[in-house]
Amino acid sequence: ANNKKKDIMDEEEGDEDVEAAEQDGGGESGVSETEQREGKGGAGSKKAGSMQVPTTFNEMFLFNGAVMGFGGSLWMQEVLGSFDAMVTNVANSYRLQEECDTLSLNIAKYSGAINLSEFKAVMLASLRSLVPTDWNSAHEVAWTWLWDNIARMLKSLIGKPAVQEKALGRFLMSLNEDSQNYLRREFFKGFFALAPAGQDYFKQSTTRLYFIADKVVEMTLEMYRDPKKVVEDISALGLRHVGYGVPTEFFAPFVSGAVELIRTMTTDPNAEDGFRWSLSLVSRILVRTINEGSTIVMKAINTNNARQLEKAVACAPRGKRSMWLLDITVGTQSISPLYWSIESGSLESAKAMIRDLLIIRADRDNYYYGADDLFTRHPDVIERLCADAQALLPGLLDGLIWRSRLTQDGQRRVNYYIKHLVQDADGNFNKCLDWLVEAGDPKIMCHQVVELFSDLVWGGIANRFFMFGKCWFLFTLGLFIISQSVLQHFPESQGIRTSTMVIRCFIYVASLGRLFHAQLSEAIGDCRARRFIRLSGGIRVPAYLGMMKNAISFALMLCLMLMLAEEPIIWCVVVNHNANLFTQYCRDGDVNLQVYEPVSMVAMLLYWTLVLDLSVVSTRISAFVLVCGRTVSELGLTLLAMAYLIVAFASAISSLNHNSEAFKGIPNAMLTLTEMSLSMYSTDNSEALLETPIVLFVVACFLILGSIFLLNLLVAQLNAAYAAVYADMVGYARLDRGKIINETVAGVSNKRWSRWLASLRFDERLEYNEGDVGVAGGLQLLEPANANPTNVDMILRFGGSTSPAMQWPEPDEEDNESDKFETWLQLVLFC
Ligand code: HEM
């Protein structure tokens, strides 16, 4: 599009220059061939002194076209767009025909007469202007021959596409539901009859085949309507067919089968011709794309065998090895073998590719490490793996670690190549952590690399901002405690009353105001984006309330609003003018206090619950809080069972005729049983029980079930639940911290972030061993030598030629044997 825009602008400039030339008195818009040949004439050379001389063929063509009066022949630009492909494929008659076919569809969109010889005149004039000294009659003959060939092909097609498009469109519109179903049903039958082996490639359900048949038919019409887009789509489709491993010999019977079918369904020869011509063009483009895109890597992917994949990629020049695995481009379309293997479920191949990409290889001149290529080509690779192939994530993360086999002073060098996890291509905070948190896998969160990079961001920048944000919260909590739980226990005085009033005003304005603003903006955001969750009972609430923290903040906001409405100080001032200023004890205030105080107590508990957020500062504390949260449901179940026993036994005891005051009536009995379960029942009262043996017996049964059985069951349940979550609790704590890091870093200014990022110096190359400076993009740390013992050099080093065009030598058998011995040695030594 940019080129086109540039061409059009060039053309406009050309027009202006022509006008200028005419004013100068030249007046001649045509270009004499003799003048051109002699190097004097030609618009290009004429204007050379006064303007920028066109240097490329396209520029010169547009310029000459304008000078020669063909500026309005826009179809020429279409030809110009395809001209390069036609010239470069002149020796390939199939390809030349394909280009002419698509070109004929493109120029069919232009109204007005199309005189192909005009293009020839401008083309020859432009070529002469570009190479005036080298141009000779042999060139003239060759280019004339080329154009005559192209013109012959185009002429045979001109006028046809419009007629065929109309006829095909009419035919497809005339199909009723039955005919459509017939077409879908029979579409593949004809193909399978002509090429029975083709059936092996279609393993999908019939409905999927109907869908493909519809698409193919749709494509034949779309080819006439929007040829440019369809040609692009077909390139992508062709690359997908490479992935399906379709041999190209099947395309001819596929087209024949479809054409035969259409022949039986229409009597309009134009519709049939249109379908045949369009489908065969689609098929030719597909076949070409498949031929160009069928690399040995793509073929190896279809076997889903790591060894085959390794063999295929071993043929790659060392400088292009990564791109063999990451990019196959045909025309404007490209496909990634790595993503394709994930998409098609060939996870063995995908695993082998990731491993191959992340092996550090070296010759004397260069280090080759595919991490940069991988993250540049696929910035979303972590997201993709989290969504579609979580099993491959550990392999990818392992590949970002280099560990020295040498140790020094009990320490070992470890390089963590985490640049692409921390920053994206624009230097902003990468969304990797967000994706990992969303994936919610506690095990991955405990991978060394994830631990390192998340701790780095947390310790370097996020924790300060997080704590800063929390300071305000702690300050309001402090004030809330003073106003609600401290000041009211001091002897009443005007000073105390005024201070209480001032602090409460602050709480209502600053804390409640802030909470209200935050809740409102979250709720509006969710409503606008139509993000809702359904509570049990079918009530829909904005999705942000699904998070525990937000729900607690919402409850706190409601409590503070209720407190404001019931605030006894305000009521005493407004209604009871005789009371002391700012007192909360007056006639009306006392009534309000009955609601106000319990709500204030709940608000206090909610404030303290929100403080638990601070536990993320330490993963140990955070993990403990999480364990409590996860096991609390067991406690809930026990309390439920206890309540059930209390109600059951209280009603049972009340049905007896006894004199024990403590068990008179269900409420009394329930209260007594509750006291007993909580060990609050006074032993002084137990004598009354002895008087009624039956009550004593029932109470004993209750105590055995409630206090002995249920309590011990609770202990057992907590034990089991703790053991189940213990293994992952640090991972869960890290997930929580990850969430907070993402939220916090989003609020950090770009300047601060860039300053911190620069301090990590990711562009500095890291040393492997003394004096051996390797690849940049990571951090080097020292770890105790016995933490992760290894005696294998993680860098594959090769001697010989260092040309990037050379393949890596195959590791020879001897090396393999020594590798095996090393692995065995490692097993014996360290396992
Ligand atoms: C002109 C010829 C053809 C056209 C226009 C065509 C078009 C399509 C389209 C539109 C799809 C839908 C899925 C996608 O977008 O990737 C598809 C899938 C497929 N095609 Fe073709 N196709 C052609 C020829 C063939 C031939 C000759 C074979 C093999 C014998 C073949 C095998 C497949 C297979 C295996 C799928 C995958 C189906 C699936 O997984 O859902 N195609 N094709």
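## Exercises around a ligand and its chain

A polar side-chain atom of Arg-240 is placed 2.7 Å from an oxygen atom of the ligand. Keep in mind that this is a predicted model, and enjoy the exercises.

**Exercise 1.** Find which protein atom is the donor of the iron atom of the ligand, and place its residue in the secondary structure.

*Solution.*
- Step 1: Start at the iron atom and look for N, O and S atoms within 2.8 Å, the cut-off for a donor here.
- Step 2: The search returns NE2 of His-241, at 2.1 Å, as the only protein donor.
- Step 3: Now locate the residue along the chain: His-241 belongs to helix H12, which spans residues 227-244.

**Exercise 2.** Describe the polar contacts that Arg-208 and His-241 make with the ligand.

*Solution.*
- Step 1: From Arg-208, a polar side-chain atom reaches to 2.4 Å from a ligand oxygen.
- Step 2: For His-241, the partner is a nitrogen atom of the ligand, with 2.9 Å between it and a polar side-chain atom of the residue.
- Step 3: Put these beside the opening example, where Arg-240 is paired with a ligand oxygen. Arg-208, Arg-240 and His-241 are also among the residues that come nearest to the ligand, a group that includes Gln-204 and Tyr-244.

**Exercise 3.** Work out which helices build the shell around the ligand and what classes of residue it holds.

*Solution.*
- Step 1: The ligand has 21 residues around it.
- Step 2: Sort them by helix. At least two come from each of H11 (206-225), H12, H13 (251-265) and H14 (269-293).
- Step 3: Look for the top contributor: H11 gives the most, with 5 residues.
- Step 4: Sort by class, and the shell splits into 15 nonpolar, 3 polar and 3 charged residues.

**Exercise 4.** Take two of the annotated transmembrane regions, 471-489 and 635-653, and examine their secondary structure and end-to-end spans.

*Solution.*
- Step 1: The regions come from an unreviewed UniProt entry, which also lists 541-565, 605-628 and 694-715.
- Step 2: Residues 471-489 are 84% helix and 0% strand, with 26 Å between the end C-alpha atoms.
- Step 3: Residues 635-653 are 100% helix and 0% strand, with the end C-alpha atoms 27 Å apart.

**Exercise 5.** Trace the strand pairings of E3, E4 and E12, then those of E5 and E6.

*Solution.*
- Step 1: An open sheet of 3 strands runs in the order E4-E3-E12, and its pairing is mixed. Its edges are E4 (367-368) and E12 (795-797), each pairing on one side only.
- Step 2: Inside that sheet, E3 (residues 360-362) pairs antiparallel with E4 over 2 bridges, and Ala-362 faces Tyr-367 of E4.
- Step 3: Move on to E5 (residues 401-408) and E6 (residues 411-416), antiparallel strands joined by 5 bridges. Here Ile-401 sits opposite Tyr-416 in E6.
- Step 4: Finish at the turn of this hairpin: 2 residues lie between the strands, and Asp-409 has a positive phi near 50 degrees.

Notes:
Residues are numbered from 1 along each chain as its sequence is written. This is a predicted model: local features need pLDDT of at least 70, side-chain atom pairs count only at pLDDT 80 or more; totals for chains, interfaces and linings use all residues. Side-chain values use heavy atoms; hydrogens and water are left out. Donors are N, O and S atoms within 2.8 Å of the metal (3.2 Å for Na, K and Ca); water is not among the atoms, so sites may look incomplete. A residue is near a molecule or strand if one of its heavy atoms lies within 4 Å of it. A polar contact is a pair of N or O atoms within 3.5 Å; within protein, one must be able to donate a hydrogen and the other to accept it, and residues adjacent in sequence count only if both atoms are side-chain atoms. Helices (H or I, at least four residues) and strands (E, at least two) are DSSP runs, numbered from the N terminus. Ala, Val, Leu, Ile, Met, Phe, Trp, Tyr, Cys and Pro count as nonpolar, Asp, Glu, Lys and Arg as charged, and the others, Gly among them, as polar. UniProt positions are given in the numbering used here, feature names are shortened, and annotations may be inferred rather than shown by experiment. Two strands pair if DSSP finds at least two bridges between them.
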